[in-house]
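Student: Please take a close look at one part of this model, and set it in the context of the whole. I would like every cut-off stated where its term comes in.

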Amino acid sequence: MLPPANRLRRDREFSAVYRKGIRRNSRHLTLRALRDSNFNNHRLSEQQTSLKTLPATRIGISISLKVSKLSVVRNRIKRQIRAALRQMLPRISPGWNLVIVVRPTAQECNYGEFLQQLEQLLVEAEVLNGN
């Protein structure tokens, strides 16, 4: 599981990311990213800024029945994506709302491919900092 501070939960939060966010696509995943509306309120001068004062990046995963009718398959995919995100979490910039949308072709994907595609999408959206 992702830490509670890093989870996108409410339907209206997902809807805002879908409406206003940017979209990046890969073969098996789609990333929707929106800068948190509270981020500008928390912005301080460069000397005062620390990661603890900025809002945490919140992440949600959306996977439909089109991917698989079997909940076992959908839950396995979500677990693999969560594990990949947990590994990248320290490198993700604060103050973002992210939604990972899983495409039907993701059934044939393994953990390594999810990790690679997520990293590529986060870099394209300029959400991932560091190497």
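Tutor: Helices (DSSP runs of H or I, at least four residues) and strands (runs of E, at least two) are numbered from the N terminus, and by that rule the protein has four helices and four strands. The model is predicted, so local features need pLDDT of at least 70 and side-chain atom pairs count only at pLDDT 80 or more, whereas totals for chains, interfaces and linings use all residues. Residues are numbered from 1 along each chain as its sequence is written, and side-chain values use heavy atoms, with hydrogens and water left out.

From the N terminus on, the order of elements is α-β-β-α-β-α-β-α. Of the 131 residues, 44% are buried (under 20% relative accessible area with a 1.4 Å probe, protein chains only; exposed is over 50%, and partly exposed lies in between). Among contacts (heavy atoms within 4.5 Å) with a separation of 6 or more, 79% join residues 24 or more positions apart.

The part I would look at closely is helix H3, residues 71-88, whose 18 residues should span 26 Å at 1.5 Å a residue, and the end C-alpha atoms are indeed 26 Å apart (the expected span being 1.5 Å times one less than the number of residues). Its buried residues are Val73, Arg74, Ile77, Gln80, Ile81, Ala84, Leu85 and Met88. Because they cover an arc of only 135° around the axis, they lie on the same side of H3 (the arc is taken over directions from the helix axis to the C-beta atoms). The face turned away from that side carries the exposed residues Val72 and Arg79, while the buried residues pack against S2, S3, strand S4 (96-102) and helix H4 (111-124).

Two of these partners lead to further buried residues. Strand S2, residues 29-35, holds arginine 32, which is buried yet has no salt bridge, the nearest side chain of opposite charge, glutamate 124, being 13 Å away (a salt bridge needs a Lys or Arg side-chain nitrogen within 4 Å of an Asp or Glu carboxyl oxygen). A polar atom of the arginine 32 side chain does, however, lie 3.0 Å from the backbone oxygen of tyrosine 18.

Threonine 57 sits in the loop between helix H2 (39-42) and strand S3 (58-62), and counts as buried because its relative accessibility is 4%. Its side chain reaches the backbone nitrogen of tryptophan 96 at 3.4 Å, and a polar atom of that side chain lies 3.5 Å from the backbone nitrogen of glycine 95.

Notes. Lys, Arg positive; Asp, Glu negative; His and termini not counted. Polar contact = N/O pair within 3.5 Å; in protein donor to acceptor, adjacent residues only side chain to side chain.
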